[in-house]
There are 2 protein chains.
Amino acid sequence: MKVQGQALRPLRETASRDAVVVIDQRLLPHRLAFETLATPEAVHHAIREMVVRGAPLIGATAAYGLALALKPDASDCAVEEQAEWLKAARPTAVNLAWALDRVVRHVRALPAGERAEAAWVLAAAIAEEDVEVNRRIGEHGLPLLRDIAARKGVGPGRPLHVLTHCNAGWLATVDWGTATSPIYQGHEAGLPLHVWVDETRPRNQGASLTAWELGQAGVPHTLIADNAGGHLMQHGQVDLVIVGCDRVTARGDVCNKIGTYLKALAAHDNGVPFFVAMPTSTLDLSVADGLAEIPIEERRGREVTHLAGLAASGEVIEVAIAPAGTPAANPAFDVTPARLVTALITERGVVPAEERALHALMAQTP
Amino acid sequence: MKVQGQALRPLRETASRDAVVVIDQRLLPHRLAFETLATPEAVHHAIREMVVRGAPLIGATAAYGLALALKPDASDCAVEEQAEWLKAARPTAVNLAWALDRVVRHVRALPAGERAEAAWVLAAAIAEEDVEVNRRIGEHGLPLLRDIAARKGVGPGRPLHVLTHCNAGWLATVDWGTATSPIYQGHEAGLPLHVWVDETRPRNQGASLTAWELGQAGVPHTLIADNAGGHLMQHGQVDLVIVGCDRVTARGDVCNKIGTYLKALAAHDNGVPFFVAMPTSTLDLSVADGLAEIPIEERRGREVTHLAGLAASGEVIEVAIAPAGTPAANPAFDVTPARLVTALITERGVVPAEERALHALMAQTP
């Protein structure tokens, strides 16, 4: 996607192919700054501290991290150890494990001396694949948007109102985004669209990333508190919801950013379609019951009690919003039961959130 | 209630009975500061700008405002005009109109020369009544908490987990609070309690007011993002929800702070009791369908895009959390349909959120 007219990706290789350059997403929207990750430690840190975030993006970034890790030692033991260590940077999104396992499987078949280079080439392929996967999610999702637009009488002065939670935009992927891909493709094709952007506390990915992305792309949008979406749906102001995901189970339970479940409940209560954009790399067929089986990352309470923003002085300053010493809990994800999901939009097509449909989808030759 | 061991109310008369002193709630939890309101304009401003907030508190404060307004001119025309002007300070909570209408009815029966003093005396009575009403809400609510505690095996090491949204604490009333009254009374009686405090974006009344109140009272609590409550309920970590209200309709629809509806949906989906603490002054029998009929205040978008907090420098600083110029919508309340409400806890007793029960309750001699 473009920023101020210039094509940009949140992850790219250096020309010398010995490091990757990422956007430091902790600084957006106030500063667009880049960080060069030249060591596996730097990659691990960038994932853990959310310099990069978003299930697809952390998968691709971690693959590069493993390639960097194999340069000094590509023994079987090192391959396993480094992959496990990178996986542990964040526990919930399955794409991280998916990308690393793919690299491990690939290089284990090769002599140790070729592994680092092969891992790098595969990481690049995973990144490029992600772009194509997301482009196709947009292709499959756009007809759903068009159908609803037709039913709702969308036209000049009456845009299609889409609500999204968190950032499942191009910043969360290598390009296009997942949930935003049908939105960007619809916007480019002239479909009148307006996006309700959930702020997404506590880390404000909606306010800081999705609002910024949509602004750069010229897509009309309005920021709302996470609390407001139910009210808007009750008043017919949301035509559909579309979100990304961090892990989808065999029966279609969707693990995504904390608060997604509340929006799914409200959508269900008001007859609003609730779509999940899901690259099939996010599907974890080894897990059925999302509530019981997916580990939910618990992050620092300080993310709830403090937040950073741009002061009038032009500095980014952290402020406390609660009494000193207030205890805080900070689960980062929740699970939306399959019964609340209208459909999953994948790069292979649109499927219901049901076990048989998901197995059939995965049995197809891609 | 007490602050640092000293009894304090968010609204009190000056010794000379020519002004009221309120806590400036915009500055909490970082500063406990008072503002003296000596003119009707100051009262109107304090209500509109949320120096004072909370349905019961703005009712009592407005009654004093009308008393101040009648000093220079207590003609029939002035009584009506001033009351209507004060009502317009905020549109949603019905207690504001309830208190002002009560003063109007009372003084219209008196000669103009006696009206200002009579209004002041009635305002004081309304404030004292509010304390007693809230005390009784606690008395009626506590047995509900005890029942659930008994069923859940609450005891040392296993507190009763209560979730609340916004601030329906003593800061929102003249004393005790509504939703917090059973909590404070249970805590004083030795019931082991733990409160999940919803942050309550965009104005953070949970993080800044409820967390502060509970901390001062020594009630164990944990601050959470508004997004987290559904997840906690899915995992059995919430035993009941209790919230306040700004207006309840004849059929039991509950208008309360934006986001309440989402918590009610999650409570319903997880079999968690959802209680609403309601002084009967909040009941509006003239309205049936809360969604269609209650005017929802739309506040400035800047409350969503900017927020104030305590910087490391010790100053309270406002920061932007979204890209400059991001449009924001800010509905301040939503409506929870009666079907999602387990019961209403009033000063007259506990009733289901149903038309017949509410009419019967109001037909009782108080």
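Let me start at the interface of chain B and chain A: the rule finds four salt bridges across it. Keep in mind that this is a predicted model.

Take one salt bridge as an example. The side chains of Arg201(A) and Glu199(B) meet, with 2.4 Å from N to O. Polar contacts come next. Across the interface of chain B and chain A there are 26 residue pairs in polar contact, both residues at pLDDT 80 or more.

Which elements of chain B touch chain A? Several supply at least two residues each to that side. Among them are the helices H7 (205-217), H8 (229-234) and H9 (260-269) of chain B. Strands take part too, including S8 (221-224), S14 (306-311) and S15 (316-320) of chain B. Which one gives the most? H9(B) does, with six residues.

Now the totals. On the contact count, 61 residues of chain B are in contact with 61 residues of chain A. The size of an interface is often given as the accessible area lost when the parts come together. Here, chain B and chain A bury about 4500 Å² between them. Of that area, 64% is on carbon and sulfur atoms. Which three residues of chain B supply more of its buried area than any other three? They are Asn227(B), Leu262(B) and Ile321(B), with 16% of the area that chain B buries against chain A.

On to symmetry. Two copies of a chain are related by a rotation about an axis and a shift along it. In this model, a turn of 180° and a shift of 0.0 Å along the axis lay chain B on chain A, with an RMSD of 0.0 Å. That is the relation of a two-fold axis. Leu262(B) shows up again here. Of the residues of chain B, Leu262(B) comes closest to the rotation axis, at 2.9 Å for its C-alpha. And the interface residues of chain B are, to 100%, also interface residues in chain A, so the copies meet through the same surface.

Last, a look inside chain A. There is an open sheet of three strands there, in the order S3-S4-S5, with antiparallel pairing. S3 (11-13) and S5 (34-37) of chain A stand at the edges. Each has a single partner strand, so one side of each is left without a neighbour in the sheet. From one strand to the next, the twist averages 25°.

How many bridges join S4 (residues 20-23) of chain A to S5(A)? Four, and the two strands run antiparallel. For one pairing to find on screen, go to Val22(A): its bridge partner in S5(A) is Glu35(A).

Note on methods:
Residues numbered from 1 in each chain as written. Chains lettered and ligands numbered in written order. Predicted model: local features only at pLDDT ≥ 70, side-chain atom pairs only at ≥ 80, totals over all residues. Heavy atoms only, no water. Least-squares fit on C-alpha atoms with pLDDT ≥ 70 in both. Contact = heavy atoms within 4.5 Å. Pairing = 2+ DSSP bridges. Axes fitted to C-alpha atoms, helices over the stretch in contact; angles between N-to-C directions. Buried area = accessible area lost by both parts, 1.4 Å probe. Polar contact = N/O pair within 3.5 Å; in protein donor to acceptor, adjacent residues only side chain to side chain.
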